[in-house]
Amino acid sequence: MPEDRRIAVDVRDAVKRYGDFTALKTISLSIMDNEFFTLLGPSGCGKTTLLRMIAGFEDVTEGAIFLFDEEIEDLPPNQRPVNTVFQNYALFPHMTILENVGFGLEMRGKSKSEARKSAGEMLELVQLSQFAARKPSQLSGGQQQRVALARALAPQPKVLLLDEPLSALDLKLRKAMQLELKHLQRETGITFIFVTHDQEEALTMSDRIAVMSSGELQQLGEAREIYESPRNMFVADFIGETNLLEVSVDAIKEGRAVCHLGGGHELTCNEVPGVDVGAKVHMSVRPERLFISDQKTESESLKGEVKENVFAGTDITTIVDLADGPKFTIRTSNSDRGNKRIFEPGNEVFVNMEQGAARLLVD
Amino acid sequence: MAGGAASGGSATTDTYAEARNWLLLPSWVVLLGLSLIPVGMMLIYSFLTKEFRGGVIWEFSFAAYDQFFCDRGLFGDEPCSVEWTYVTIFWRSIWQAGAATLLSLVIGFPTAYFIATRPEKVRPLWVFLITIPYWVNLLIRTVSMKFLLRDEGPLNSFLMNIGLINDPIHIINTNFAVQLGLFYSYLPFMVLPIYAAVERYNFALSEAAADLYAPKWVTLRRILLPAVKPGVVAGCILVFVPSLGSFLAPDLLGGAKNFMIGSLIEEQFKGNAGNWPFGAAASMILLTMVLIILLIFVRQQGKAEKGAG
């Protein structure tokens, strides 16, 4: 990725209030050109509000929004060169698929025949050419979804906004569409801003993710960074599964914090600025970063007893209870089971992890 | 229809068949007793001979229809030439009812849209407010209208007082007064179905249109209107049909010049001067006409929908 990429959408100190209720509390973020950017958070976190502010459906209480250096927050939606894929598609029921896809082109001043031609090409791109003459109600959910996508892409927007576009699809179709969307974004080079509450979906598709909760930006970063170095408890808990434990910092040496888990168990964690010796903080460690064995295999190792095994297809989840200490959830992949011993409940085991797998969280 | 299917389908195995037929009784009473039988009676009466003090003589006759369509001179012994009197009244009625419907649509649509876009909690209140005037008898409302509109009435005094006009505008006894009266009589029948349609409308469609660069009026014309068309059509029918047969507004506001079918029919059944077979015949012709107009309307609808598909 070139360093001199332009900023596609720049949200500067945007606030959204409905009467006394503040839906968005001073959000600033820059979305780069050609980026697959995801706004992720639970329902009511303000992600859809922010998207609708960029689209122009909600006005901005305070702050500004720039689209490629042009200030747009006062423009009505029909004058913003962005298009939206709506959650329930919002296809025009009385128009054919071709007319739906051609609508935006026609509104941008293209002649009917030109609009038809470009719409036809768009339908080819999403492999729905044979349905051009049908009405939306005659299509399946997945097909409607692709029509909505084609309709939004047809006028070649500068930025495409996607409001939970996959949430109405069943799991298999959703997985397929995730890949298709990702490909489409790479092919067209259009900036995608994607809103979802599904963290797995966000991790699969995004270049960068903005995690939001209660109207605030919790963390912004690349998918891997968000997953592996969650900044706070909310992010650690919301993204993926994790072992979230309350620990106290016993000592800090060589940039590492020695954390006490209770019952005399100790772990080395990353050091976080502002956390001093004696502080009680939270620590997160992902279940797949833990390995069970009958001996100590890594520098970080904790002794405990197997309580339960849960088989879940691709992997096995084991719960290990440390003597007088907390419980750990450990995930072992099912793929190379042949090399691994399955420990039964009651077995004495060691829970091993690399240094750095356990992360301290601020607030 | 439903009754037919229930008894015709699997009567031998269906243990509820009998109960079902009984439960369907009210709809049969309504269908047969309150619409088919009365219309049938009217059809029969239109082919009977008139009795001079009202009522009929049970003797088959085309006289009523002959009177409607044929001019046979002063003594009734000339060959049939076209009688324009009643056709003119019919034409005027259609025109007046049409104008009243258009007026109701122009006022009713924005009203309905306004109500449907209020917060959900206050919508019933607005609907309630719309219907309040209609708790008052139609006759009283029409008389009040006459009072309001006459030359010395509040409307004219107000307009003269603010200096907009120097002489009163003659509204009473004009076509416009009748249209106003009809409009006021049937406005809720326009507002309510359109309100119901707009309330069901998915406003995300309007957002989608705006998102795709459509200006507001294009969104209204190409997205909202097609979506709420069934409500608009229902409203138009509900205003047009009763307006066509109305007699209070034309009588009280239109004067003798602006006679409409409703008044013509009413006169045939009132007092001793009436002519029942003629009234029945005029009603049958009105009914046929309304049906034809509705059929054309529905046909056009179907065509428009197919054309789009």
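Two strands count as paired here if DSSP finds at least two bridges between them. Keep that cut-off in mind for the sheets of chain A. The model is predicted.

**Stop 1: the pair at strands 14 and 20, chain A**

Select residues 280-285 of chain A, which form strand 14. Add strand 20 of chain A, residues 359-361. Three bridges join strand 14 and strand 20 of chain A, in the antiparallel sense. For one facing pair, pick A:H282 and A:L361: they stand opposite each other.

Now widen the selection to the whole sheet. It is open, has five strands and follows the order 13-12-11-14-20 in chain A. The pairing is antiparallel. Which strands stand at the edges? They are strand 13 (265-270) and strand 20 (359-361) of chain A. Each has a single partner strand, so one side of each is left without a neighbour in the sheet. From one strand to the next, the twist averages 50 degrees.

**Stop 2: the sheet at strands 15 to 19, chain A**

Move on to another open sheet of five strands in chain A, in the order 15-19-16-17-18. Its pairing is antiparallel. Select 291-293 and 327-333 of chain A to see the edge strands, 15 and 18. Each of these pairs on one side only. The twist here averages 45 degrees from one strand to the next.

Zoom in on strand 15 of chain A with strand 19, residues 348-353. The two run antiparallel and share three bridges. Label A:F291 and A:N352 in strand 19: these residues face each other.

**Stop 3: strand 9 and its partners, chain A**

Select residues 208-213 of chain A, strand 9. Add strand 3, residues 36-40 of chain A. How do strands 3 and 9 of chain A run, parallel or antiparallel? They run parallel, joined by four bridges. A:L39 has A:A210 of strand 9 as its bridge partner.

Next add strand 10 of chain A, residues 216-222. Strand 9 and strand 10 of chain A pair in the antiparallel sense, over six bridges. Keep A:A210 highlighted: A:L220 in strand 10 of chain A stands opposite A:A210. Strands 9 and 10 of chain A form a hairpin, with two residues between them. Check the backbone torsion at A:S214 in the turn: its phi is positive, about 35 degrees.

**Stop 4: where the chains touch**

Show both chains. The predictor gives the complex an ipTM of 0.83 and a pTM of 0.81. The contact takes 18 residues from chain A and 17 residues from chain B. On the chain B side, select helix 10 (204-211) and helix 11 (216-245), each of which supplies at least two residues. Which helix of chain B gives the most to the side that touches chain A? Helix 10 of chain B does, with six residues. Colour that side of chain B by class: 13 residues are nonpolar, two are polar and two are charged.

**Stop 5: helix 11 of chain B and its neighbours**

Hide chain A. Fit axes to helices 10 and 11 of chain B: they come within 10 Å and cross at roughly 155 degrees. That makes helix 10 of chain B roughly antiparallel to helix 11 of chain B. The crossing is right-handed. From helix 10 of chain B, select B:L205, B:S206, B:A209 and B:A210; from helix 11 of chain B, select B:T219, B:I223, B:L224 and B:A227. Those residues make the contact. By class, the contact of helix 10 with helix 11 of chain B has six nonpolar, two polar and no charged residues.

Then bring in helix 5 of chain B, residues 84-116. The axes of helix 5 and helix 11 of chain B come within 8 Å and cross at roughly 145 degrees. This crossing, too, is right-handed. Residues of helix 5 of chain B in the contact include B:A97, B:G98, B:T101 and B:L105. They meet residues of helix 11 of chain B, among them B:G235, B:V239 and B:F240. Sort the contact of helix 5 with helix 11 of chain B by class: eight nonpolar, seven polar and no charged residues.

**Stop 6: confidence in chain B**

Colour chain B by pLDDT. The mean is 88, and 93% of its residues reach 70 or more. Among the elements of chain B, helix 10 has the highest mean pLDDT, 96, and helix 1 (residues 2-9) the lowest, 43. Finish at residues 1-11 of chain B, where pLDDT stays under 50. The model has ten contacts beyond four places in sequence for these residues. Where pLDDT is low, predicted coordinates should not be read in detail.

How values were computed. Residues are numbered from 1 along each chain as its sequence is written. Chains are lettered from A and ligands numbered from 1 in the order in which they are written. This is a predicted model: local features need pLDDT of at least 70, side-chain atom pairs count only at pLDDT 80 or more; totals for chains, interfaces and linings use all residues. Axes are lines fitted to C-alpha atoms, for helices over the stretch in contact, and angles run from 0 to 180 degrees between N-to-C directions. Two residues are in contact if their C-beta atoms, placed from the backbone, lie within 7 Å. Ala, Val, Leu, Ile, Met, Phe, Trp, Tyr, Cys and Pro count as nonpolar, Asp, Glu, Lys and Arg as charged, and the others, Gly among them, as polar. Angles under 35 degrees count as roughly parallel, over 145 as roughly antiparallel, 65 to 115 as roughly perpendicular and the rest as oblique. A crossing is left-handed if the near helix is turned anticlockwise from the far one by less than a right angle, and right-handed if clockwise. pLDDT is the predictor's confidence in each residue, from 0 to 100.
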